[in-house]
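Q: Please take a close look at the charged and aromatic side chains of this model, and at how far the prediction can be trusted around them. I am new to this structure, so please explain each term when it comes up.

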Amino acid sequence: MRKNVFILLFALLAWYSKAQQGIDRGLSLLSTSETLASEKKIDSAYTYAENALKLFQQEKNDSLVAEAAMRLILLQPKTTLPYSQDYFELLTSSATHKKDWPLLVQSYYTKGRSLYLDREYGDALPYYLALDSIAKRHRVKNEIVVRSIIDRGEISRMSFTHEGVNTAHEIFLEALALAEEIESQEEIHHSYMRLADITEMRDLFDECKRYTDLAFAYYTQVDNVAYVSRIYRIYANYYSAIGELDNAEKAKIDGIQYLRSKNTPEELASALISYGDFLLVKRKDPKKAITQFEEAKTIYDAIGHAPDDRYMFLTEGLAICYANTNDFERSHEYYRQTYELKKELVKKANNDLTRRLETKYQTRQKEQEIALLSSQQQLAAQQKKNERIILLSAVGISSLAGIFFFFQYRNRQKTNKKLKELDTAKSTFFANISHEFRTPLTLIKGPLEDQLNTANLPDRQRKNLTHAYQNTQRLEQLVEQLLALSKLESGHLKLHVQPGNFEQFLSAQITAFSFHCEEKHIDCNIQVKENEDGALDWFDRDALEKVLFNLMGNAVKYTPEQGHIELAGARTGDYFDLRITNSRNYLTPQQQSDIFKRFYQTNDLNAGTGIGLALTKELIELHKGTIRVESEKTGTTSFILRIPVAKNMYTPSEILEETLQDLKTDQVFHSSQPSETIGIISEEAPQLLIIDDTEEILEYIRSIFEGTYIVHTAKDGQTGYEKAIATIPDIIISDVMMPQQDGFTLTQRLKENELTSHIPIALLTAKTQDKDKLEGLQKGADAYVTKPFSSQFLRATLANLLENRKKLQKRFAQEVILLPKDIQLTSADEQFLDRLQKVMDTHLVQSNFTVDTFSMEMGVSRMQLHRKLKALTGQSASEFLRSQRLKLAAQLLRSGKSTISEVGYSVGFNDPSYFTKCFKKEFGCAPLDYISKKSGT
């Protein structure tokens, strides 16, 4: 008996020793992982943490499993290794199962924090919000919750918008309240420090000073070097903001002296760079600034500091200082170093982004491959089973052969279905990735625009922010191309051909690039032959706009200064042949065969992604056309396109039903009718004035709107102004760069004229800079459309402007006498309405006050008065006059001081029966019934 007990005890000790060894080994691996992570060896750190997790899972130690999983979650965004499993899901499932709400809160914080540290703020925010919901639901109040709230505040603060900063202030106050409730001194003072920073941004200087003093006293006592250094910077910013530069400089010097006593060389170097910037910008003392910058550089070089943004600001600061002290040789050298650093940092950032996307893609691809392999194995097993059944039955039952073929067919169907599902999943993945880019791009672009609009922005910062803003625009273009590719792959991008003049469409699209050619001094020659038989062309405007934008954009991009671009096109039978040639480097036969492949680059140094030409080829093939490239060793490259433009080349589902007006007969062709039935445009159709000095653009825009608008045209600004006064159109499209009078001047003149001030104006131009758009809007333009433009976008823009004008008409029509009131009007409109009211006050009640008298009193022609009133109220001059008289009559009837006949005579009606008839038509009841309703009898 004793022997058996001894054996059992020995076995238990051996098991415990083995389990402890496994735990000790796991702890050692986890410790090594932390060390490797601090050394930026992320992949190795991730592998060690994974091995530690496996050991803890073997020993079934839940707390250590949770610790290892949290370590892996923090490392996931930075590793290049594919994720073997979702550790976040493992952690949250375990915490939920055990109802360990603090652990669940910590899990969400770890996931959100990992994304926050990797600057994926848009992805981090949902985890912080989920954490907040869990904490409130289960009454979890601890330091983790406070830190999550502070991170949320930082995300709002980094938007650098007025709304974002105000929101951050409120969030930091929420964090402080919770920290005080749980009596955490660390988080209380952490909140003070964040509040000090945000109140300085909001110009709440008294609060900023109070919070800064509180935080400084605590962190100097606990000797938190990083936070003390940060608080010195807050002090300096505070004193600079209130104009006490001496105290601001003292704060910076004190911060440097404090850091000299600590073994933190990177913090010291950063403080020296900040002081150097202060001396250069605030004190205008480049010589003294050089001393600080040089000492910081010495520190960085001594510790082997890897190049980063701070080091780039250091070299740029030295370059500016030496330029200001006339040491141009050193200045040039530091500018060169800054440029090389910037290139390296941009390349690194692009590589990091590519790596993260590639990791996500590889992970998704591996999951798809596993699913496909599993499906194939299942199908193979099923196929073997079917074959065995057939072999066993084939001896006497020939009918089973049909069953065999049935199973084979079903298996093939399953395989095809699975492959389609995988292909759809891949397209969905690309579409989702592209959409995910839009949120962070918006969060980047908005603050950049706000900063660039700052009046006193230093030139160096404006230059850097401009580069960043240009790159966000480039990223937006790439996102749109990725979305178009995903739509093509998924089959969601359909062909919609419609009738039109292809030569005019082509010339308009190409002419839109003339501004860019002039900037690079490129000779652009266009030779497009007119279609002699006058037949309609059928093509998808949207698809071919993208094609021409990519091809002409590449031609302008890769053609050197003083180069040339030639575009030649002509209709051949049912096809339109097009050749775009530009001077550029020779493309080898291999490069020519690969140039339409996705992500292919002829040269790794070329800017771009290799998406544009791949998208172009797929759009041409969707359009049932062909594209190829030819390159001559003499230094020219040509893209040759053949596009079908005959209606019979497309299926009924690909033909867009649309009304088109013939250019020669001013009649309308309905493409949906086989006989092309002809109709006439209604006189009530809106009138459009198009002003452009380029014949091709003018005719192309006319072709877009004829059939739905009454179109007028003018070829320069002065003629356009005169025609606008004469016709009073409902809407105007105008180019900006024109002879005699440019679009900006034209817009200002039209908006200042009483007769035309109400007309919506859309400016159309190749000038894409925000300053040009701003100038156009400041002159009074209602919309700004850049070339090359989408015909669908231009139609929608005009439709929206006219719809807004109709809403304004409804509001005006409700007034008894037109008054500006709270309706937004130009000063010219207000002047017109003031004169109109004076005329109405004087003549409205006169029975002999006719439309002719009305127009004469207003000082305009009858037609001009009719068009102006029609635009403002939706009523003709006679309708307006009658309506105003009846509304005045309704007011008088409500007062009850006059009889119906007296009211009719007093507002200009000589015949009481005619007055009653008009009143009933206007208000839906006779005057007597109207009085009864208003009196409540």
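A: A salt bridge is counted here when a side-chain nitrogen of Lys or Arg lies within 4 Å of a carboxyl oxygen of Asp or Glu. The structure is a predicted model, in which local features need pLDDT of at least 70 and side-chain atom pairs count only at pLDDT 80 or more, while totals for chains, interfaces and linings use all residues. Residues are numbered from 1 along each chain as its sequence is written, and side-chain values use heavy atoms, with hydrogens and water left out.

Side chains of opposite charge can pair when their charged atoms come close. With the cut-off above, the count comes to 31 salt bridges. One of them joins K288 to E249, whose closest N and O atoms are 3.5 Å apart. This pair links distant parts of the chain, since K288 belongs to helix α14 (residues 286–303) and E249 to helix α12 (residues 245–260), 39 residues apart. Helices (H or I, at least four residues) and strands (E, at least two) are DSSP runs, numbered from the N terminus. For accessibility, buried means under 20% relative accessible area, exposed means over 50%, and partly exposed lies in between, with a 1.4 Å probe and protein chains only. K288 is partly exposed, at a relative accessible area of 38%, whereas E249 is buried, at 12%.

A salt bridge within one helix is formed by E333 and R336, at 2.7 Å from N to O. Both residues lie in helix α16 (residues 328–393), three residues apart, which is about one turn of the helix. E333 is partly exposed, with a relative accessible area of 31%, and R336 also counts as partly exposed, at 40% relative accessibility.

Between strands, R642 forms a salt bridge with D577, and their closest N and O atoms are 2.7 Å apart. Here again distant parts of the chain are linked, with R642 in strand β7 (residues 636–644) and D577 in strand β5 (residues 575–583), 65 residues apart. R642 counts as partly exposed at 33% relative accessibility, and D577 counts as partly exposed at 23%. Elsewhere, salt bridges that share partners join D132, K136, R152 and E174 into one network.

R642 also has an aromatic partner, as its charged end sits over the ring of Y575, 4.9 Å from the ring centre. A charge sits over a ring if NZ of Lys or CZ of Arg is within 6 Å of the ring centre and within 35 degrees of the ring normal. The charged end of R749 likewise sits over the ring of Y721, 3.7 Å from its centre.

Rings of Phe, Tyr and Trp (its six-membered ring) pair if their centres lie within 6.5 Å, and planes under 30 degrees apart count as stacked, over 60 as edge-to-face and the rest as tilted. The whole structure holds 21 aromatic pairs. In one of these, the rings of Y219 and Y227 have centres 4.9 Å apart and planes at 80°, so the pair is edge-to-face. Y219 is buried, at 0% relative accessibility. One aromatic cluster is formed by F205, F216, Y232, Y235, Y238, Y239 and Y258.

As for trust, pLDDT is the predictor's confidence in each residue, from 0 to 100. The protein chain has a mean pLDDT of 77, and 76% of its residues reach 70 or more. Among its elements, strand β11 (residues 687–691) has the highest mean pLDDT, 93, and strand β9 (residues 668–670) the lowest, 32.
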